[in-house]
Amino acid sequence: MKALNQKICDHFEGLVVRKDLVKTVKGNAIVPSYVLEYLLGQYCATSDEDSVQSGIETVREILMNHYVHRNEAGLIRANIKERGRYKVIDKISVALNDKKDCYEAKFANLGIKEVLIDSGTIKAHPKLLVSGVWCIADVEYEHTEDRNVSPWILSTIKPIQLSNFDYDSYLEARRQFTTDEWIDLLIQSIGFNPEMLGKRSKLTQLIRLIPFCERNYNLIELGPKGTGKSHIYSEFSPHGILISGGEVTVPKLFVNNSTGKLGLVGYWDTVAFDEFAGKEKSVNKGLVDIMKNYMANKSFSRGVETLGAEASMVFVGNTQHTIPYMLKHSDLFVDLPDKFYDSAFLDRLHFYIPGWEVDIIRGEMFSNDHGFVVDYIAEILRSLRNHDYSDKYKDKFTLSSNISTRDRDGIHKTFSGLMKILFPHEEATDEEIEEVLKFSIEGRKRVKDQLMRIDKTYAEVEFSYTDTHGKVTQVETLEELQYPDLAAQTATDTEEPVTDSAPHIHTPVAKEPIEPALKEEELVSGEHLVVPENIKGYSYNRLFAKHLKGSKRIVIRDPYIRMFHQVKNILELVAMVNEITPDGEEAHLHLVTQSAPDYCEKQDGWLKEVQASSESSKVTFTFAYENESSFHARSIQSDNGWKISLDRGLDIFQRYESGAFSLSSLKQEERLTKECEITYLKVED
């Protein structure tokens, strides 16, 4: 077992589960992940493999015998009749029958309704009255001659949720993990492999959790298809509900004035709207107006009465164009329905997740490691709604006085939510607090930047903060760094979109304005380049070619050339050097690395394959192992006098799809980068 997995099991015994087990037991049962993990948490929350396998069989048996498939509902009903009593797993909703003055339950898959349920159960579990809750229930059958009396009797019911937890133990256990370990644990709990994500991508994933731990948090995420935008809101927590953006009405969302029945915002911690984008969608303007008031004031009107609620609102949808296209012709909200394309509505949003930075989900991105049982972390997040961490930065940093109250509120709510998730024990370093604050400011700035494009009456805002030493830090969004000229456009500068161009989705590419290409005579010793995380457009040719031009011998020192993708990086560098070497000339590229015990045989074999494949090229490739413990620095040094210092070595790209038809496999410019730093030094002879 990995060291982190063992540590997780040691400190959260009985509260974690291997995430790959969900797929193992799910089969064709159409149930949310939190239902399956509830069962797995009962029987498989252990690191002992034999116990895990035994638990899997138990869970499979429970699902096989008690989960109600719609096409087998008749058989289950017959079992209940013949046995008199039977346990089922089903989604149960309840409605008040005011004619009979009683509550009646309806089983979604079992197909029975008008099942009597007592008022005490409703008081204990009020969400049964809205959209339904997954439950384990004992159902009895007792025939009667009275046609007005249902033969179905609900004996016991247990919603699938945690009954209790020890918050103090949670905080104490958090103290046993470093920040990086804790982030990886949370990412594994969501279901993803943290090794496939950079730090910024991990924080983006965790932003999706804030609506569950922060009251009345308004979040939007727009980006390409297939990035898992709606997964968390449909599968992660029993306290959230995902609805189609076109299926909601005022009575369903807020209150039915004729019956007085409270809507979704009164029962759920998070209400998420799926497929929110789409110009063609028809939207009720009255709904938008009530939503604007609720998102700003946490209240809505029912006739003469004003009601309040705490539900956070999340809006997720797909973009249809590239980021530079939207920045040039319109704005990043352009795909929203016309009624929601309203500056007053958009100004209520606290954070805009840049969905184009989130990688499209691939099989290898899912975790096979341990994470919290979803129901446990869901209850933890829910309890954190009672805490406020929004002022935890104020001893160290001060926001610009130019930031408006609404902007400040958005920054505070995001900062508070992320701090609760990452540092519930309130033990963060100044650097960690600054990182969270900066990320929180960026998400609100993205909203405000687009508002200034949509409505020119919005004033310019300086999104910056000052530390205790007086240092002022200006915060920029990543798209500003990538496309400074396009991002600087205002509402009057944007061009009309080209209507005959086909919709196209693409992650932003690092254009020349970020790092202008240096001419050979402009190369300066001491130049320091910082490559941001989650950006495209970089390649070895762009980063190294001008400095290595004319080289006869190049020495690469990188102790971490051991895994397949790292050796492939060497091959791609060989190819680049081959490309810049003139015909009639030859170059020698020598690698100095460390042998890795776990990869020794494969590592040696892969490097010899690179050596063999380069024999017919203009580049001779050789390699040697240096296993000194002090060997950590990574660099490229050429006999033309240039030394390039690399803090990450050649491993500057995030994991990417390596299929035969993958553009990212073919072109380095199509890969997302890791954050890294490169320094160019002219070495005197």
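1. In this predicted model, strands E5 and E6 (residues 152-159) run antiparallel and are joined by seven bridges. One position that can be checked by eye is Ile-136, which stands opposite Lys-158 in E6.

2. Strand E5 also pairs with strand E2 (residues 85-97), again in the antiparallel sense, this time over eight bridges. Here Trp-134 of E5 is the bridge partner of Lys-91.

3. Is strand E5 mostly covered or mostly open? Strand E5 spans residues 133-141, and seven of these nine residues are buried, taking buried as under 20% relative accessible area. When looking at such a segment, recall that side chains in a regular strand alternate between the two faces of the sheet.

4. A separate point concerns the largest pocket, which holds about 1400 Å³ of space. Its lining is made up of 46 residues. Those nearest the centre of the pocket are Gly-198, Lys-199, Arg-200, Glu-533 and Glu-675.

5. Which elements give two or more residues to that lining? They are helices H1 (3-11), H8 (179-190), H9 (199-207), H18 (430-454), H19 (478-482) and H22 (564-580), together with strand E17 (472-474). Helix H18 provides the largest share, with five residues.

6. On the chemistry of the lining of the largest pocket, 20 residues are charged, 15 are nonpolar and eleven are polar. Glycine is counted among the polar residues, and Gly-198 is one of the residues nearest the centre of the pocket.

Methods:
Residues are numbered from 1 along each chain as its sequence is written. This is a predicted model: local features need pLDDT of at least 70, side-chain atom pairs count only at pLDDT 80 or more; totals for chains, interfaces and linings use all residues. Side-chain values use heavy atoms; hydrogens and water are left out. Buried means under 20% relative accessible area, exposed over 50%, partly exposed in between (1.4 Å probe, protein chains only). Helices (H or I, at least four residues) and strands (E, at least two) are DSSP runs, numbered from the N terminus. Two strands pair if DSSP finds at least two bridges between them. On a 1 Å grid over the protein atoms alone, a cavity is a set of points where a 1.4 Å probe fits but cannot get out, and a pocket is an open set with protein on both sides within 12 Å along at least five of seven lines; lining residues have an atom within 4 Å of a point. Grid points are joined across faces, edges and corners, and a volume is the space filled by probe spheres set on the points.
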